[in-house]
Amino acid sequence: MLRQTSRHLLYLLRRHGAVTSKSTLCSTTSKGKHSKVPQQPLDSDVSHDIVSGVNIDMELVQHLEKLSLVDFANKEGLTRLQAAISFADQLAQVDTEDVEPMYSVLEDRSLALADDEVLVENMCDDVLGCAKETFEDYFVVPPGNIDYVPEEEYYSKLKDEGDKT
Amino acid sequence: MKFVYNCLKTVRNFRYYCTTQFKPALIRDVWQPVIGLEVHAQILSASKLFSRVGAKYGAPPNTQVGIFEAAHPGTLPAGYQITQKDCPIAKDGFISFNVPVQEYSMKFYSHSVRLTQLQLEEDSGKSIHDAKSNRVLVDLNRAGLPLMELVFAPDLRDGEEAAALIKELSLVLTRVGTCSCRMEEGALRVDANISVHKQGEPLGERTEVKNLNSIRSLVKAINYEIERQIDILEAGGTVLNETLRFDAITSTTIKMRDKDTIHDYRFMPEPNLPPLRLHDSLDASCIPNSSLDINDIRKKMNELPEETRRRLISDYGISLENSIILVNDDALVDYFLDVMSGTKSHNGQLVSNLLLNNLLGTLNSLDVDIKDSILSPSAFAEIVHLLESGQILHAVALKIMELICSSGDKRTPSEIVETNNWTKLPDDLLEDYVLEVISSNKKLVGKYRRGNSKVFNTLMGKAVAATERRADMQKLQDLLKRKLDE
């Protein structure tokens, strides 16, 4: 999505005459540098009344809570979630028909290839040097994600709360 | 399983390339299994994909780690793996392979599977869970190793086909020299996506079986999982889209711990890498503005296994089955070709049969590999010559092989034959021996002529002894019978 918006930004700038087809975002003239980035905000063509395609149901909320370990399954939390999704949904209004996504601004160059040879030998001490704790040349890390298991009545309680408000 | 053999091509074609089509039967007459494989093959390189540290197997922990994959401050944070998922290096290919009609069978049919895409990926480090002290130990040696991911379409129909696909893939990759394919070392990792459905109905829910580290466990896991899913569906249940692992001890598939599976994979393009461009100088429409010419690689590539099989069949006249077994082992092909160049024989089938049925058997029982064979290709060629020119019997050829291999006999085959007087008796001399046997065993001959046919075996025994086992058995038997019946 982001690279499509940077293309779109360029399109908007061109439309407003800020950028000509052969120029880049900044140019140097005899008077010094002249920024192509508009100094005043541009009018936005984006409509704010969007119906989100995402259906926020109980299953999704449970999944998100499990992944994030944040409990937000209350009215305010859900409103914020919906607002965040709607905000991101504005991107869908950009017409990217026939526009190739840009992955890298270095797209005009080709990736340089290196020969397959080992140039760096054992760097164990340097690599482990920054670690807080090591054991027999291994990094020591805390055990993996705590498997979050909600209490049994957690979700039914939430539902009751939701019905009340 | 009952097999209905639908041979759509003539027998004459079957003798040459394998064009036989075959579809494994539906399970319990209604269920169609659908299997798709994902293979991660570790590229046989000296160094890693984005860093110039070593890539050897089994190095001590964290001794093959550079700044890049350790993600020290100042470099990009790791916690993601760079992969080509959206824009793979190759798409829309296929691979054909031969499948035995049944396990260990010598009859094959041909099947082909679409290779949806082939992409480059970085491998991840390894973590060891130390249960006693409730901590995890991390070794980054494997992090950043170059992998090829091969995504196959779900065109496989049972465990046997999956095994055949992986075997052919391993042959190709080892020939081309890009992967060692040692599954036990983790150089080739296979995940299987398995579902079942009834014909005419939509595809069923699939499960993913991971961590299959041998071809045997691949076959067992697939067959077990198919049965498990059918049992659930026939009992009216639903198959859950789960990730499973195969437990070799119980030979069953088991749900993986949630900790191992709930990875909310987030794929993002890597903005710091310019595009990897390849061009093909043989393709006129291709602009040569890239890092690599595919044609340079193409020119250096070794002959692929299927090309070798076809060449052996057309140049030496061997059967499809023999070509398949020969090409499974480069050393066998080399041995065969050495023998054929050393002999005036044009009978490739005879040579390959002797090699595969007899020499290999002898070497296997001595636990010797073909490349260490005590019987050299030139000595083997000599035996073939003696056999083909009618100087020795087939049984004698085997005896010579046995002598040289097991007892380390240093004489040449011809010397062995001469000193042991093992030359075949010329066929025209047989009549004298037969008449001699008949005249010196009048009682037995009398019994035979009066109707006691069992006596024939005794007479045959006497004839064999008289000829010192140097006669062609079939001719001797026919001649004896003829003379007795006169």
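**Exercise 1. The second largest pocket**

What volume does the second largest pocket have, and which residues line it?

*Solution.* The model examined here is predicted.

Step 1. The volume of the second largest pocket is about 850 Å³.

Step 2. Its lining comprises 33 residues, and those nearest the centre are B:P100, B:E103, B:Y104, B:E160 and B:K167.

Step 3. Next, the lining is assigned to secondary structure. Two or more residues each are given by β2 (90–100), β3 (108–122), α3 (159–176), α4 (215–234) and α8 (320–327) of chain B. Among the contributors, α3(B) supplies the largest share, with 7 residues.

Step 4. By residue class, the lining of this pocket holds 19 nonpolar, 6 polar and 8 charged residues.

**Exercise 2. The eight-stranded sheet of chain B**

Determine the strand order of the open sheet formed by 8 strands in chain B, and identify the strands at its edges.

*Solution.* Strands of a sheet pair through backbone hydrogen bonds, in either a parallel or an antiparallel sense.

Step 1. The order in chain B is β2-β3-β6-β1-β7-β8-β9-β10, and the pairing is mixed.

Step 2. The edge positions are taken by β2 and β10 (252–255) of chain B; each has a single partner strand, so one side of each lacks a neighbour in the sheet. From one strand to the next, the twist averages 30°.

Step 3. At the β2 edge, β2(B) runs antiparallel to β3(B), to which 10 bridges join it. Within this pair, B:F97 faces B:H111 of β3(B). Both β2 and β3 of chain B also contribute to the pocket lining of Exercise 1.

**Exercise 3. Strand β7 of chain B**

Is strand β7 of chain B largely enclosed or open, and why? Which strands pair with β7(B)?

*Solution.*

Step 1. Residues are counted as buried when their relative accessible area is under 20%. In β7(B), residues 188–198, 9 of the 11 residues are buried, so the strand is largely enclosed by the rest of the structure.

Step 2. One partner is strand β1 (residues 31–42) of chain B, which runs antiparallel to β7(B) and is joined to it by 11 bridges. In this pairing, B:A41 is opposite B:L188.

Step 3. Another partner is strand β8 (residues 207–212) of chain B, paired with β7(B) over 4 bridges, again in the antiparallel sense. Here B:V190 is opposite B:L212.

**Exercise 4. A sheet built from both chains**

In the open sheet of 4 strands, state the strand order and locate the pairing between chain A and chain B.

*Solution.*

Step 1. The secondary structure of chain A amounts to 5 helices and 4 strands. From the N terminus, its elements follow the order α-β-β-α-α-α-β-β-α. Of its 165 residues, 16% count as buried.

Step 2. The sheet has the order β3(A)-β4(A)-β5(B)-β4(B), with antiparallel pairing. Its edge strands, each paired on one side only, are β3 (134–135) of chain A and β4 (126–130) of chain B.

Step 3. The two chains meet in this sheet where strand β4 (residues 138–141) of chain A pairs with strand β5 (residues 135–139) of chain B, over 3 bridges and in the antiparallel sense. A:V140 has B:L137 as its bridge partner.

**Exercise 5. Cysteines and positive phi values**

How many disulfides are there over all chains? Why is B:C181 not bonded to the closest cysteine sulfur?

*Solution.* A disulfide is a covalent bond between the sulfur atoms of two cysteines.

Step 1. The count over all chains is 0 disulfides. For B:C87, the nearest cysteine sulfur belongs to B:C286 and is 14 Å away. B:C87 is exposed, its relative accessible area being 57%.

Step 2. The criterion requires the sulfur atoms to be within 2.5 Å. The sulfur of B:C181 lies 3.8 Å from that of B:C179, the closest cysteine sulfur, which is too far for a bond. B:C181 is buried, with a relative accessible area of 11%.

Step 3. The backbone of B:C181 is also to be noted: although not a glycine, B:C181 has a positive phi of about 60°. The residue lies in the loop between α3 and β7 of chain B.

Step 4. Another non-glycine residue with positive phi is B:E468, where the value is near 55°. B:E468 occurs in the loop between α16 (455–466) and α17 (473–485) of chain B.

Definitions and conventions:
Residues are numbered from 1 along each chain as its sequence is written. Chains are lettered from A and ligands numbered from 1 in the order in which they are written. This is a predicted model: local features need pLDDT of at least 70, side-chain atom pairs count only at pLDDT 80 or more; totals for chains, interfaces and linings use all residues. Side-chain values use heavy atoms; hydrogens and water are left out. On a 1 Å grid over the protein atoms alone, a cavity is a set of points where a 1.4 Å probe fits but cannot get out, and a pocket is an open set with protein on both sides within 12 Å along at least five of seven lines; lining residues have an atom within 4 Å of a point. Grid points are joined across faces, edges and corners, and a volume is the space filled by probe spheres set on the points. Ala, Val, Leu, Ile, Met, Phe, Trp, Tyr, Cys and Pro count as nonpolar, Asp, Glu, Lys and Arg as charged, and the others, Gly among them, as polar. Buried means under 20% relative accessible area, exposed over 50%, partly exposed in between (1.4 Å probe, protein chains only). Two strands pair if DSSP finds at least two bridges between them. Axes are lines fitted to C-alpha atoms, for helices over the stretch in contact, and angles run from 0 to 180 degrees between N-to-C directions.
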